[in-house]
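Colleague: I would like to learn how to read a helical model step by step, with the general idea of each feature before the particular case. Could we go through one together?

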Amino acid sequence: MQRSELERELEALHSECWGWALACCARDSELAEDALQTAYLRVLSGRAKFDGRSSLRTWVFGVIRMTALEEGRRRRSWMARNVGSD
């Protein structure tokens, strides 16, 4: 899939992707923004590759879900290291 086509598809799915990112991040909009941006970067840079075994929507939602889990772990780890260090 060409990058321009992928960009159009992501644009068309954006509102659904945003809702899914919010759901994956327990309605934490800041975390959802970070996760969605990172997921989009992975998709557009080619770090995440669509192989056609599912619909594009399902695949993108999977990338968002995995990215949200990683972002959540990263944030919790950072908080655990920095709470009480003041």
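**Reading the helix packing**

Modeller: Let us start with a crossing of two helices in this predicted model, where H1 passes H3 in a right-handed crossing. The contact is made on the H1 side by Leu6, Glu9, Leu10, Leu13, Glu16, Cys17, Trp20, Ala21 and Cys24, and on the H3 side by Leu56, Arg57, Val60, Phe61, Ile64, Arg65 and Ala68.

Colleague: At what angle do the axes of H1 and H3 cross, and within what distance do they come?

Modeller: The axes of these two helices cross at roughly 45 degrees and come within 10 Å. An angle under 35 degrees would count as roughly parallel, and 65 to 115 as roughly perpendicular, so H1 and H3 are oblique to each other.

Colleague: How do H2 and H3 pack, and what is the handedness of their crossing?

Modeller: H2 and H3 pack with their axes 8 Å apart and at an angle of about 125 degrees, and their crossing is right-handed. Since roughly antiparallel begins over 145 degrees, H2 and H3 are therefore oblique to each other. On the H2 side, Glu30, Leu31, Asp34, Ala35, Leu36, Thr38, Ala39, Arg42 and Val43 meet residues of H3 that include Trp59, Val63, Ile64, Thr67 and Arg75.

Colleague: How should I place these pairs within the whole chain?

Modeller: A count of elements and their order gives the frame for that. The protein chain has 3 helices and 0 strands, and its elements run α-α-α from the N terminus on. Taken along the principal axes, the box filled by the C-alpha atoms of the protein chain is roughly 50 × 25 × 20 Å.

Colleague: What share of the contacts with a separation of 6 or more joins residues 24 or more positions apart?

Modeller: Such pairs account for 64% of the contacts in the protein chain with a separation of 6 or more. A distance between C-alpha atoms is another way to set position along the chain against position in space: Thr58 and Glu5 are 53 residues apart along the chain, and their C-alpha atoms are separated by 17 Å. For Val83 and Gln37, which are 46 residues apart along the chain, the separation of the C-alpha atoms is 26 Å.

Colleague: How does the span of H3 relate to the expected value?

Modeller: The idea is to set the distance between the end C-alpha atoms against the rise expected per residue. Helix H3, residues 56–82, has 27 residues and reaches 38 Å from its first C-alpha to its last, which is close to the 39 Å expected at 1.5 Å a residue.

Colleague: Which residues of H3 are buried, and what covers them?

Modeller: Buried in H3 are Leu56, Trp59, Val60, Phe61, Val63, Ile64, Thr67, Ala68, Glu71 and Gly72, and what covers the buried residues of H3 includes helix H1 (3–24) and helix H2 (29–45). Thr58, whose place is also in helix H3, counts as partly exposed because its relative accessibility is 46%. In the segment after H3 lies Val83, which counts as exposed at 59% relative accessibility. Over the protein chain, buried residues make up 30% of the 86 residues.

Colleague: Where in the chain do Ala26 and Arg27 lie, and what is to be noted about phi in each?

Modeller: A backbone check looks for positive phi in residues other than glycine. Ala26, in the loop between H1 and H2, has a positive phi near 55 degrees without being a glycine, and Ala26 counts as exposed because its relative accessibility is 68%. Arg27 has its place in the loop between H1 and H2 as well, with a positive phi of about 65 degrees although it is not a glycine, and at 59% relative accessibility Arg27 counts as exposed.

Colleague: How many disulfides does the count come to?

Modeller: A pair of cysteine sulfur atoms has to lie within 2.5 Å, and by this rule the count comes to 0 disulfides. Cys17 is in no disulfide, as the nearest cysteine sulfur, that of Cys24, is 10 Å away.

Colleague: Why is there no bond between Cys25 and Cys24?

Modeller: The closest cysteine sulfur to that of Cys25 is in Cys24, and because the two are 6.4 Å apart, they are too far for a bond. As to accessibility, Cys17 counts as buried at 0%, and Cys25 counts as buried at 5%.

Terms used: Residues are numbered from 1 along each chain as its sequence is written. This is a predicted model: local features need pLDDT of at least 70, side-chain atom pairs count only at pLDDT 80 or more; totals for chains, interfaces and linings use all residues. Side-chain values use heavy atoms; hydrogens and water are left out. Buried means under 20% relative accessible area, exposed over 50%, partly exposed in between (1.4 Å probe, protein chains only). Helices (H or I, at least four residues) and strands (E, at least two) are DSSP runs, numbered from the N terminus. The expected span of a helix is 1.5 Å times one less than its number of residues. Contact means heavy atoms within 4.5 Å. Axes are lines fitted to C-alpha atoms, for helices over the stretch in contact, and angles run from 0 to 180 degrees between N-to-C directions. A crossing is left-handed if the near helix is turned anticlockwise from the far one by less than a right angle, and right-handed if clockwise.
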